[in-house]
Amino acid sequence: VIRGEARLLTGANFPGRVMYIETPAGSTILTGTLVSIATDGTLTCVCVLEGKAQVGASQKSMEFVPADMRKVMFADKRPPAMLPIETEHAAGLATFMREHGKDIAP
């Protein structure tokens, strides 16, 4: 993801069960999660509504981001921030789940 926002939902039957997402500011590893990954090239924000995701600027800095939290990483190497999920991203993910969650088998 170079610029913009991706909303992703993975379930237990997701092929390979793991998805890797790269942005200019870091990486995200998803397994069974509902997340929003937004980037403008200068920062990446990974918001987790359900499940958890591994997020970091490098393999050495990966940490789990739990549900209802977000991690913001900066391309200019400022320290990342772990914060509560923003209301607008939580609402967008909830809508995404309502509209597409039925497509994911339990």
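## Strands β8 and β9

Two strands count as paired when DSSP finds at least two bridges between them. With that in hand, let's take a walk through this model, which is predicted.

A good place to start is β8, which runs antiparallel to strand β9 (residues 81-84) and is joined to it by four bridges. Across this pairing, Met69 stands opposite Pro84 in β9. The two strands make a hairpin with six residues between them. In its turn, Lys77 has a positive phi of about 75°.

β8 also pairs with β5: six bridges join these strands, and they too run antiparallel. How enclosed is β8? Five of its six residues are buried, so the strand is largely enclosed by the rest of the structure.

## Arg70, a buried arginine

Arg70 belongs to strand β8, which covers residues 69-74. Is Arg70 buried or exposed? Its relative accessible area is 12%, and because the cut-off for buried is under 20%, Arg70 counts as buried.

What does the side chain of Arg70 meet there? One of its polar atoms lies 2.9 Å from the backbone oxygen of Pro84. Beyond residues up to four places away in sequence, Arg70 touches Cys45, Val46, Cys47, Val65, Ala81, Met82, Leu83, Pro84, Ile85 and Glu86.

## Thr44 and its partners

On the β5 side of the pairing with β8, have a look at Thr44, which is found in strand β5. Thr44 stands opposite Met73 in β8. Its relative accessibility is 1%, so Thr44 counts as buried.

The side chain of Thr44 has polar contacts with two other threonine side chains: Thr23 at 2.7 Å and Thr39 at 3.3 Å. Setting aside neighbours within four places in sequence, Thr44 is in contact with several residues, including Ala25, Ile37, Ala38, Lys71 and Val72.

## The four-stranded sheet

Another part of the model is an open sheet of four strands in the order β2-β3-β6-β7, with antiparallel pairing. At its edges are β2 (19-23) and β7 (63-66), each of which pairs on one side only. From one strand to the next, the twist averages 25°.

Within this sheet, strand β6 (residues 52-56) runs antiparallel to β7, and four bridges join them. Gln54 is the residue standing opposite Phe64 in β7.

## Nonpolar cores

Which residues have the most contacts inside the largest nonpolar core? They are Leu8, Leu30, Val35, Ile37, Val48, Ala53 and Val55, in a core of 13 residues. At least two residues of this core come from each of β1 (4-9), β4 (34-39), β5 (43-50) and β6. Apart from this core lies another, of 10 residues, and Leu49, Val72, Phe74 and Ala90 are among them.

Ile37 gives a feel for the surroundings in the largest core. Not counting residues up to four places away in sequence, Ile37 touches Gly4, Glu5, Ala6, Leu8, Ile21, Thr23, Thr28, Thr44, Cys45 and Val46. Thr44, the buried threonine of the earlier section, is thus one of the residues that Ile37 touches.

## The helix and the chain ends

Finally, helix α1 spans residues 87-100 and includes His100. How accessible is His100? Its relative accessible area is 34%, so His100 is partly exposed. How far is His100 from Val1? These residues are 99 residues apart along the chain, and their C-alpha atoms are separated by 21 Å.

Terms used:
Residues are numbered from 1 along each chain as its sequence is written. This is a predicted model: local features need pLDDT of at least 70, side-chain atom pairs count only at pLDDT 80 or more; totals for chains, interfaces and linings use all residues. Side-chain values use heavy atoms; hydrogens and water are left out. Buried means under 20% relative accessible area, exposed over 50%, partly exposed in between (1.4 Å probe, protein chains only). A polar contact is a pair of N or O atoms within 3.5 Å; within protein, one must be able to donate a hydrogen and the other to accept it, and residues adjacent in sequence count only if both atoms are side-chain atoms. Contact means heavy atoms within 4.5 Å. Axes are lines fitted to C-alpha atoms, for helices over the stretch in contact, and angles run from 0 to 180 degrees between N-to-C directions. A nonpolar core is a set of buried Ala, Val, Leu, Ile, Met, Phe, Trp, Tyr and Cys residues joined through side-chain atoms within 4.5 Å.
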